[in-house]
Amino acid sequence: MKSIPVSTTINGDPYEFLCAPDETLLDVLRNRLALTGAKEGCGTGDCGACSVALNGRLVCSCLVLGAEAEGAEISTIEGMADGDVLHPLQRHFIDHAALQCGICTPGILVAAKSLLEKNPDPTDEEVRYWLAGNLCRCTGYDKIIRAVQSAAAEMRGA
């Protein structure tokens, strides 16, 4: 099988890699680029643990081929903090105990950030709808919703 050369930008940094035609973006991120924040939960796009932003669109990286990253802008959980300074969503997830095992957390954080970039003042219903593709078996969703709303309020300066 012939390898495909790919040039892309991930979290603002340029990357170049070779991938197999059938290799997923999730596998490229984790196995080739050592960006292990996105997790494989289901491999079928049902759980959201592998969520990343691809050209500003929230996607399950297990459903995207690595070759589709050619020329794309990708945002992962690794790019969320600014050095040692956590993003407000990350801080509020900690403050509200909205995480436990950590498998779903990166995908939920990436999805929540995507929501707040599009809608900085969502209702609880809008948060729940937006995060419906992200499954969590540990925390229950109330803490997650409260953490997102609390971060949203801080980010709006409310």
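# Close-up views of a predicted model

**Figure 1. Salt bridge between Asp 121 and Arg 156.** Asp 121 has a relative accessible area of 48% and is therefore partly exposed. The structure shown in this and the following views is a predicted model. Arg 156 is also partly exposed, with a relative accessible area of 36%. In the salt bridge between Asp 121 and Arg 156, the closest N and O atoms are 3.2 Å apart. This pair links distant parts of the chain: Asp 121 sits in the loop between H3 and H4, Arg 156 belongs to helix H5, and 35 residues separate them. Side chains of opposite charge can pair when their charged atoms come close.

**Figure 2. Salt bridge between Arg 128 and Asp 142.** The closest N and O atoms of Arg 128 and Asp 142 are 2.8 Å apart. Here too the pair links distant parts of the chain, with Arg 128 in helix H4 and Asp 142 in helix H5, 14 residues apart. Arg 128 has a relative accessibility of 41% and counts as partly exposed. Asp 142, with a relative accessible area of 45%, is partly exposed.

**Figure 3. Salt bridge within helix H3, between Lys 113 and Glu 117.** The N to O distance between the two side chains is 2.9 Å. Lys 113 and Glu 117 are four residues apart in helix H3, about one turn of the helix. Lys 113 counts as partly exposed, at 25% relative accessibility. Glu 117 reaches 55% relative accessibility; because the limit for an exposed residue is over 50%, Glu 117 counts as exposed. A search of the whole structure gives five salt bridges.

**Figure 4. Helix H5 and the elements that cover its buried residues.** Helix H5 runs over residues 142–156 and has 15 residues. At 1.5 Å a residue it should span 21 Å, and its end C-alpha atoms are 21 Å apart, so the two values agree. The buried residues of H5 are Ile 144, Ile 145, Ala 147, Val 148, Gln 149, Ala 151 and Ala 152. Among the elements covering them are helix H2 (88–95), helix H3 (105–118) and helix H4 (124–130). After H5 comes Gly 157, which has a positive phi, near 80°.

**Figure 5. The largest nonpolar core and the contacts of Ile 108.** This core has 22 residues, and those with the most contacts inside it are Leu 89, Phe 93, Ile 108, Leu 131, Ile 144 and Val 148. At least two residues of the core come from each of H2, H3 and H5. The most come from H3, which gives seven residues. Beyond its neighbours within four places in sequence, Ile 108 contacts Phe 93, Leu 131, Asn 134, Cys 136 and Ile 144. Another core lies apart from this one; it has 21 residues, including Phe 17, Leu 25, Leu 26 and Ala 38.

**Figure 6. Surroundings of Lys 39.** Lys 39 is placed in the loop between helix H1 (25–32) and strand E3 (51–54). With a relative accessible area of 22%, Lys 39 is partly exposed; the limit for a buried residue is under 20%, so this value falls outside it. The Lys 39 side chain reaches the backbone oxygen of Thr 36 at 2.8 Å. If neighbours within four places in sequence are left aside, Lys 39 is in contact with Leu 26, Arg 30, Ala 49, Cys 50, Gly 102 and Ile 103. Gly 102 is 63 residues from Lys 39 along the chain, and the C-alpha atoms of the two are separated by 9.2 Å.

**Figure 7. Cys 42 in the loop between H1 and E3.** Cys 42 counts as partly exposed, at 31% relative accessibility. The C-alpha atoms of Cys 42 and Ile 4 are separated by 25 Å, with their positions 38 residues apart along the chain.

**Figure 8. The chain as context for the close-ups.** The chain has five helices and five strands, in the order β-β-α-β-β-β-α-α-α-α from the N terminus. Its radius of gyration is 16 Å, close to the 15 Å that the globule rule gives for 158 residues, so the chain is as compact as a globular protein of that length. The C-alpha trace spans about 50 × 30 × 25 Å along its principal axes. Of the 158 residues, 43% are buried. Among contacts with a separation of 6 or more, 53% are between residues 24 or more positions apart.

Note on methods: Residues are numbered from 1 along each chain as its sequence is written. This is a predicted model: local features need pLDDT of at least 70, side-chain atom pairs count only at pLDDT 80 or more; totals for chains, interfaces and linings use all residues. Side-chain values use heavy atoms; hydrogens and water are left out. Buried means under 20% relative accessible area, exposed over 50%, partly exposed in between (1.4 Å probe, protein chains only). Contact means heavy atoms within 4.5 Å. A polar contact is a pair of N or O atoms within 3.5 Å; within protein, one must be able to donate a hydrogen and the other to accept it, and residues adjacent in sequence count only if both atoms are side-chain atoms. The expected span of a helix is 1.5 Å times one less than its number of residues. A salt bridge is a side-chain nitrogen of Lys or Arg within 4 Å of a carboxyl oxygen of Asp or Glu. A nonpolar core is a set of buried Ala, Val, Leu, Ile, Met, Phe, Trp, Tyr and Cys residues joined through side-chain atoms within 4.5 Å. The radius of gyration is taken over C-alpha atoms; the globule rule is 2.2 Å times the number of residues to the power 0.38.
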